[in-house]
Amino acid sequence: MRMICLGLLALAEAVALREAAVSSPIQHVLVQMPLLVLAGAVAGWHLSVPRHWAVPLLLTALTALLFWMLPLNVDWALTPAGELVKYASLPLLLGLPLRLSWPWLGPILRGFIKANALSMLGVLGFLYTHAPVRICNSYLVSAQQDLGFAFLYLAAALACLWAIPVLFGHPRWLPLSTDGYTKCGA
C-alpha cells in the first residue's frame with residue numbers, strides 16, 4: 001500500500017510541475033520526467049515477471065529512454081498531445097519495464113547500463129552547453145546551457161554514488177545476499 005501511495009504521490013507531483021516544466025528545462029527534464037519514471041517503477045514494485053521477459057522489457061525501457069532523450073521530443077512534450085504521451089509512456093514504457101527487468105539482470109549488464117547512462121548524460125551535457133544554436137526551441141539558449149551543466153553535475157554525482165561500493169566496500173545496512181537485491185528491486 002505504501003508503494004502505491006508513493007507512486008501516486010510521484011505522479012501527482014509530476015502533474016503539479018506542469019507549469020514549471022514549461023518555463024524551465026531543468027525542471028522538465030531532470031525533475032518532472034524522472035518523477036514520471038519513478039511513478040511507473042513504484043507501481044510495479046511488488047510485481048514480478050518470468051526471466052524470459054527481462055530482455056524484451058529492458059529493450060522497451062531503453063527504447064522509450066532514447067525517444068525522450070531527443071531534444072525534438074522534449075519540445076513536443078510541451079504540446080497537449082505530447083504531454084499526454086509523456087504522462088503515459090514514461091511510467092508505462094520506461095519506469096515499469098525497467099523495474100520488472102532489473103532483478104533479472106546480472107551485475108555486468110547492470111554495470112553496463114549504469115556506465116552507458118553516465119556517458120549519455122555526459123554527451124548530453126556537452127551537447128547542450130556547446131551547441132551554438134537552440135536545440136530545444138521552447139527554451140532560451142541560457143536555459144539550455146543550464147540544463148547542460150545540470151546533466152554534467154548529475155553524471156558526476158551518479159558516478160560518485162555508484163563508485164562508493166566499489167571503493168569502500170558493501171554498505172553494512174544493505175543485505176549481503178542476492179536475495180535482498182531481488183526483493184528490493186535494486
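This report walks through a predicted model of a protein chain, from its nonpolar cores out to its surface.

**The cores**

Let's start inside. The largest nonpolar core has 16 residues. Met33, Leu35, Leu36, Trp68, Leu90 and Leu94 are the ones with the most contacts inside this core. Four helices each supply at least two of its residues: α1 (2-16), α3 (25-43), α4 (54-69) and α6 (80-101). Helix α3 gives the largest share, with five residues. A second core, of 11 residues, lies apart from the largest one, and its members include Val29, Val74, Cys136 and Tyr139. As background, nonpolar side chains tend to be buried together in soluble globular proteins.

Pick out Leu94 and you can see what surrounds one of these core residues. Leaving out residues up to four places away in sequence, Leu94 touches Val37, Ala61, Ala64, Leu65 and Ser89.

**A buried glutamine**

Now look at Gln32, which sits in helix α3. Is Gln32 buried or exposed? Gln32 counts as buried, because its relative accessible area is 0%. What does the side chain of Gln32 make a polar contact with? The partner is the side chain of Tyr87, at 2.9 Å. A polar atom of the Gln32 side chain also lies 2.8 Å from the backbone oxygen of Ala14. Beyond residues up to four places away in sequence, Gln32 touches Ala14, Leu17, Arg18, Ala21, Gln27, Lys86 and Tyr87.

One of those residues, Leu17, is worth a stop too. You'll find Leu17 in the loop between α1 and α2. Leu17 touches Gln27, Val31, Gln32 and Leu35, again not counting residues up to four places away in sequence. With 14% relative accessibility, Leu17 falls under the 20% limit, so this residue counts as buried.

**The salt bridge**

Arg18 is another residue that Gln32 touches, and Arg18 has a charged partner as well. How many salt bridges does the structure hold? There is one, and it joins the side chains of Glu83 and Arg18 at 2.8 Å, N to O. Glu83 belongs to helix α6 and Arg18 to helix α2 (residues 18-23), so to speak two distant parts of the chain, 65 residues apart, linked by the pair. In general, side chains of opposite charge can pair when their charged atoms come close. The two partners fall into separate accessibility classes: Glu83 counts as buried at 10% relative accessibility, whereas Arg18 counts as partly exposed at 40%.

**Along helix α8**

Helix α8 covers residues 141-168, and we can visit a few places along it. Gln144 is in this helix. Gln144 is buried, because its relative accessible area is 2%. Setting aside neighbours within four places in sequence, Gln144 is in contact with Pro25, Tyr128, Ala131, Val133, Arg134, Ile135 and Cys136. Among these, Cys136 is also a member of the 11-residue core.

Ala159 is in helix α8 too. Ala159 has a relative accessible area of 32%, which means that it is partly exposed.

Leu161 is also found in helix α8. Which residues make a nonpolar surface patch of about 590 Å²? They are Leu161, Ile164, Val166, Leu167 and Phe168.

**Distances between residues**

Here are some C-alpha separations, set beside the spacing along the chain.

| Residue pair | Spacing along the chain | C-alpha separation |
|---|---|---|
| Gln144 and Leu93 | 51 residues | 26 Å |
| Leu17 and Ala131 | 114 residues | 27 Å |
| Ala159 and Lys114 | 45 residues | 8.8 Å |

Try finding each pair in the structure. For Ala159 and Lys114, look for two C-alpha atoms separated by 8.8 Å, with their places 45 residues apart along the chain. For Leu17 and Ala131, the C-alpha atoms are separated by 27 Å.

Terms used: Residues are numbered from 1 along each chain as its sequence is written. This is a predicted model: local features need pLDDT of at least 70, side-chain atom pairs count only at pLDDT 80 or more; totals for chains, interfaces and linings use all residues. Side-chain values use heavy atoms; hydrogens and water are left out. Patches are made of residues with over 30% relative accessible area and no salt bridge: like charges are joined within 9 Å, nonpolar side chains (Val, Leu, Ile, Met, Phe, Trp, Tyr) within 5 Å. Accessible areas come from the Shrake-Rupley method with a 1.4 Å probe; for residues, only the protein chains shown count as cover. A salt bridge is a side-chain nitrogen of Lys or Arg within 4 Å of a carboxyl oxygen of Asp or Glu. A nonpolar core is a set of buried Ala, Val, Leu, Ile, Met, Phe, Trp, Tyr and Cys residues joined through side-chain atoms within 4.5 Å. Buried means under 20% relative accessible area, exposed over 50%, partly exposed in between (1.4 Å probe, protein chains only). Contact means heavy atoms within 4.5 Å. A polar contact is a pair of N or O atoms within 3.5 Å; within protein, one must be able to donate a hydrogen and the other to accept it, and residues adjacent in sequence count only if both atoms are side-chain atoms.
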